[in-house]
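I sat down with this one to leaf through its fold and its ligand site. Here are my notes, in the order I looked things up.

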Amino acid sequence: MVIYKNKIAGISGSAVDNASKGIFITFEGVDGSGKTTQIKLLNKFLKEKGFNSFITREPGGTALGDSIRKLLLNPENNGPVARAEALLFEAARAELTEKVIRPALDKGKIVICDRYFDSTLAYQGFARGLGIDSLLDLSLWATSGLVPDITFLLSLDASDSEKRLDRQSRKRDRIEHEDGDFKKKLQEGYNELAGRFKERIVLIDANKEINKIFCDIKLKMLELLISRGWLTQ
Ligand code: Z5A
């Protein structure tokens, strides 16, 4: 885990305090980009190597977070205004960070989180038009400055995301019902984040076959484990 003492350090990726013993990994991408699939493969791989890893997700992972998730994603609900939506995601994140992620990292665990604050920056900041700087400040405040060690951004075009969602048997959630323009902006937003946070975000081509994508992720993960002294070459 890296705690950044100020936003500028967070943006440039220069860690100022390696206070805890664990590793914090996040996955990002448009709906249906394959995060859940890859997260399960990574968790299995890490466990087979003998590491103490576990999966959590946003919004969710706590009782309050799960309630907020139901409120936000239920397609029957009229959507909240954009600022209220952003604050609800941040509330769920504050709860998850303080109650689940930080304690696990302090015990030396590897935490794999399905979405984190880059989702707020892409969905609410770019696609809803709230802008990323204020939401980055808010996210750093909500999490007391907890920034992932590495973020895998699964990159998939809006049209491919739509095809995958159509193939699924489950009903779309409220945000998955958003139109094509929203989804295009979302991918643009994610691309901009990848450029801005180069040291943290690893861009992964999510159009490849599942196992090929996992090879790309595994390679980066091994590099990180070696650089942190968790594995030897
Ligand atoms: N949200 C937000 O707006 N702001 C925030 O701050 C946060 C979240 C934290 C949470 O939903 C929603 O909240 C999300 C963003 C918003 N918006 N939506 N919509 P979520 O995270 O629970 O759901 P999701 O992101 O939409 O995930 P998903 O639909 O579960 O997709 P996924 O996990 O990325 O993909 P998957 O389940 O692994 O795969 C999807 C399908 O594609 C499945 O049938 C797979 O078998 C298939 N698949 C996977 N990989 C491949 C490859 N490589 N080729 C072909 N097919 C594949």
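Before listing any strand partners, I set my rule: two strands pair if DSSP finds at least two bridges between them. With that in hand, I found Phe-24 of the strand β2 standing opposite Val-111 in β4. I also note here that I am reading a predicted model.

**Confidence**
I checked the pLDDT before going further. The chain averages 90, and 91% of the residues score at least 70. Residues 3-18 are the stretch I treat with care, as the pLDDT there is below 50. Beyond near neighbours in sequence, that stretch still has 26 contacts in the model.

**Strand β2**
I went back to β2, which spans residues 23-29, and counted 7 of its 7 residues as buried. Which residues sit on each side? I listed Ile-23, Ile-25, Phe-27 and Gly-29 on one side, with Phe-24, Thr-26 and Glu-28 on the other, and both faces are covered. I reminded myself that side chains in a regular strand alternate between the two faces of the sheet.

For partners, I found 5 bridges from β2 to β4 (residues 110-114), and the two run parallel. I found 5 bridges from β2 to β6 (residues 150-155) as well, again parallel. In that second pairing, Phe-27 stands opposite Phe-152.

**The core**
I then looked up the largest nonpolar core and got 48 residues. Ile-101, Val-111 and Ala-122 have the most contacts inside it. Helix α4 (residues 82-106) gives the most to this core, with 7 residues.

What does Ile-101 touch, once its neighbours within four places in sequence are set aside? My list reads Phe-24, Thr-56, Leu-96, Val-111, Cys-113 and Leu-146. I was pleased to meet Phe-24 and Val-111 again, the pair I had noted across β2 and β4.

**Phe-89**
I picked Phe-89 in helix α4 for a closer look. Is it buried or exposed? Phe-89 is buried, because 25 other C-beta atoms lie within 10 Å and the cut-off is 20 or more. Leaving out neighbours within four places in sequence, I found Phe-89 in contact with Pro-59, Thr-120 and Gln-124. I also took a long ruler to it: Gly-229 is 140 residues apart along the chain, and the two C-alpha atoms are separated by 34 Å.

**Backbone oddities**
Pro-59 turned up again in my backbone check, joined to Glu-58 by a cis peptide bond with omega of about -15°. I placed Pro-59 in the loop between β3 (53-57) and α3 (63-73).

I logged a positive phi of about 80° at Arg-115, although it is not a glycine. Arg-115 is in the loop between β4 and α5, and it counts as buried because it has 21 C-beta neighbours inside 10 Å. Ser-144 also has a positive phi, near 50°, and is not a glycine either. I found Ser-144 in the loop between α6 (132-142) and β5 (146-147). Ser-144 is exposed, because 11 other C-beta atoms lie within 10 Å and the limit is 12 or fewer.

**The ligand shell**
My last stop was the ligand. I counted 26 residues around it, the closest being Asp-31, Gly-34, Thr-36, Thr-37 and Tyr-123. By class, the shell has 7 nonpolar, 10 polar and 9 charged residues. Helices α2 (35-48), α5 (117-127) and α9 (210-227) each supply at least two residues. Which of them gives the largest share? I have α5 down for that, with 4 residues.

Note on methods
Residues numbered from 1 in each chain as written. Core = buried A, V, L, I, M, F, W, Y, C linked by C-beta atoms within 7 Å. Contact = placed C-beta atoms within 7 Å. Near = placed C-beta within 6 Å. Nonpolar A, V, L, I, M, F, W, Y, C, P; charged D, E, K, R; others polar. pLDDT = per-residue confidence, 0-100.
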